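Grab your viewer and work through these three short exercises. Try each one before you peek at the solution.

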Amino acid sequence: MALRAVLGLDGSAHSRRAGSFLAALKPAGRARVVRVVEPIRLSSIGLLPAPVRVRILGEASRVAAAQRSAARREIEAAVARLKRAGWRATAEVRQGVPLDELLKAVRAARANMLVVGARGVGGVARLLLGSVANGAVRHAPCAVLVIR
Amino acid sequence: MNIRGVLFATDFSLASSQAGQMARDMARTYGAALHVIHVVPPVTDAADASAKLERLKAKLGNGVQVETELRTGRVARHIVDYAREHGIGLIVVGTHGRTGVSRVLLGSVAEAVVRLAPCPVLTVSPATMVASSPATAPEAPPAGRCVVCARETEELICEACRAKIRGEALEHKVEEERPGRRGLPA
């Protein structure tokens with residue numbers, strides 16, 4: 001079976017291992033490396049006085065920019081590793097809810113495998129399985145490879 | 001990467017046959033042994049399980065070394081224990097794509113395996129078949145027939161099958177809650 005994989009990264013150790021595992025799979029196919037960045041929500045910012053609001057928004061956009069560039073670096077490293085292993089790999093940063101965006105990426109790429117780490121950076125460290133991995137197993141329209 | 005063993009956990013369903021092919025491909029690619037395990041759930045009768053397992057071994061044994069294992073008891077627990085005991089590098093398991101009430105009642109072995117496994121797990125859903133190999137995708141049951149037993153009915157699932165699903169789930173629950181009997185063969 002020719003592999004068309006979507007690799008979901010989130011900056012965690014599990015997702016780094018997911019990248020190495022996929023690169024080592026044979027025969028090398030096509031891979032779309034996706035990193036989803038969640039938007040920073042500032043719900044009641046409208047209630048604050050203007051100068052404070054400007055300050056917070058400025059900070060938030062700096063944080064968002066830093067997140068995006070970290071995301072870029074991570075997916076570019078994964079793409080480089082996949083290419084060295086003979087894969088045809090492309091990268092994409094998406095913004096939104098991680099599971100939803102990964103499933104959208106799977107459909108857009110008509111992927112037959114979704115590769116994710118067992119647990120991400122969010123949530124509780126003692127959790128055995130993160131919500132993204134669990135949701136992927138339940139909802140993905142393709143095979144799901146969960147790496148730990 | 002060096003995978004020493006690939007474990008294919010099967011319930012002999014259509015959903016798991018696709019998983020079996022993927023497991024065989026993986027094992028062949030890595031020159032790994034293919035382990036095939038079937039776990040008989042506590043309250044079910046599975047007289048023909050070992051014959052089915054032998055047939056599966058013959059079917060998948062093309063170019064790979066196949067080990068089979070038949071156990072009785074809590075399904076996900078036995079699969080994960082076997083993986084630990086045999087230093088398995090990858091577990092492959094089919095999912096049924098159950099949703100809603102039947103998922104809550106019958107649970108998902110695949111999800112439990114993913115949660116407890118000591119190694120990577122590949123889950124293969126019924127939808128995968130449609131996505132990757134349209135030629136071998138199973139036909140949807142014709143309208144007016146039960147999706148479980150294909151008998152004629154006005155509903156999606158006929159009354160008999162619904163009762164069976166409810167009954168099995170109930171038996172299972174009773175078995176789980178009876179102390180001291182957990183995991184014993186029925």
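**Exercises on a predicted model**

Keep in mind that this is a predicted model.

**Exercise 1.** Work out how many disulfides the structure holds, and deal with A:Cys142 and B:Cys119.

Solution.
- Start with the cut-off: two cysteine sulfur atoms must lie within 2.5 Å to count as a disulfide.
- Now take A:Cys142: its nearest cysteine sulfur belongs to B:Cys119 and is 19 Å away.
- Seen from the other end, the sulfur of B:Cys119 has A:Cys142 as its closest partner, and 19 Å is too far for a bond.
- The total over all chains is therefore zero disulfides.
- As for burial, the cut-off is under 20% relative accessible area. A:Cys142 comes in at 1%, so it is buried, and B:Cys119, at 5%, is buried too.

**Exercise 2.** Trace the open sheet of 10 strands and find its edge strands.

Solution.
- Walk along the order: β3(A)-β2(A)-β1(A)-β4(A)-β5(A)-β5(B)-β4(B)-β1(B)-β2(B)-β3(B), with mixed pairing.
- The edges are β3 (88-95) of chain A and β3 (66-72) of chain B, each pairing on one side only.
- Ignoring direction, neighbouring strands are turned by 20 degrees against each other on average.
- Zoom in on chain B: β4 (residues 90-94) and β5 (residues 121-124) pair in the parallel sense over four bridges. In β5(B), B:Val124 is the bridge partner of B:Gly94.

**Exercise 3.** Place A:Ile40 and say whether it is buried, partly exposed or exposed.

Solution.
- A:Ile40 sits in the chain A loop between β2 (30-37) and α2 (50-84).
- Its relative accessibility is 36%, so it counts as partly exposed.
- A:Ile40 also helps make a nonpolar surface patch of about 480 Å², along with A:Leu42, A:Leu48, A:Val52, A:Ile56, A:Leu57 and A:Val63.

Methods
Residues are numbered from 1 along each chain as its sequence is written. Chains are lettered from A and ligands numbered from 1 in the order in which they are written. This is a predicted model: local features need pLDDT of at least 70, side-chain atom pairs count only at pLDDT 80 or more; totals for chains, interfaces and linings use all residues. Side-chain values use heavy atoms; hydrogens and water are left out. Patches are made of residues with over 30% relative accessible area and no salt bridge: like charges are joined within 9 Å, nonpolar side chains (Val, Leu, Ile, Met, Phe, Trp, Tyr) within 5 Å. Accessible areas come from the Shrake-Rupley method with a 1.4 Å probe; for residues, only the protein chains shown count as cover. A salt bridge is a side-chain nitrogen of Lys or Arg within 4 Å of a carboxyl oxygen of Asp or Glu. Helices (H or I, at least four residues) and strands (E, at least two) are DSSP runs, numbered from the N terminus. Buried means under 20% relative accessible area, exposed over 50%, partly exposed in between (1.4 Å probe, protein chains only). Two strands pair if DSSP finds at least two bridges between them. Axes are lines fitted to C-alpha atoms, for helices over the stretch in contact, and angles run from 0 to 180 degrees between N-to-C directions.
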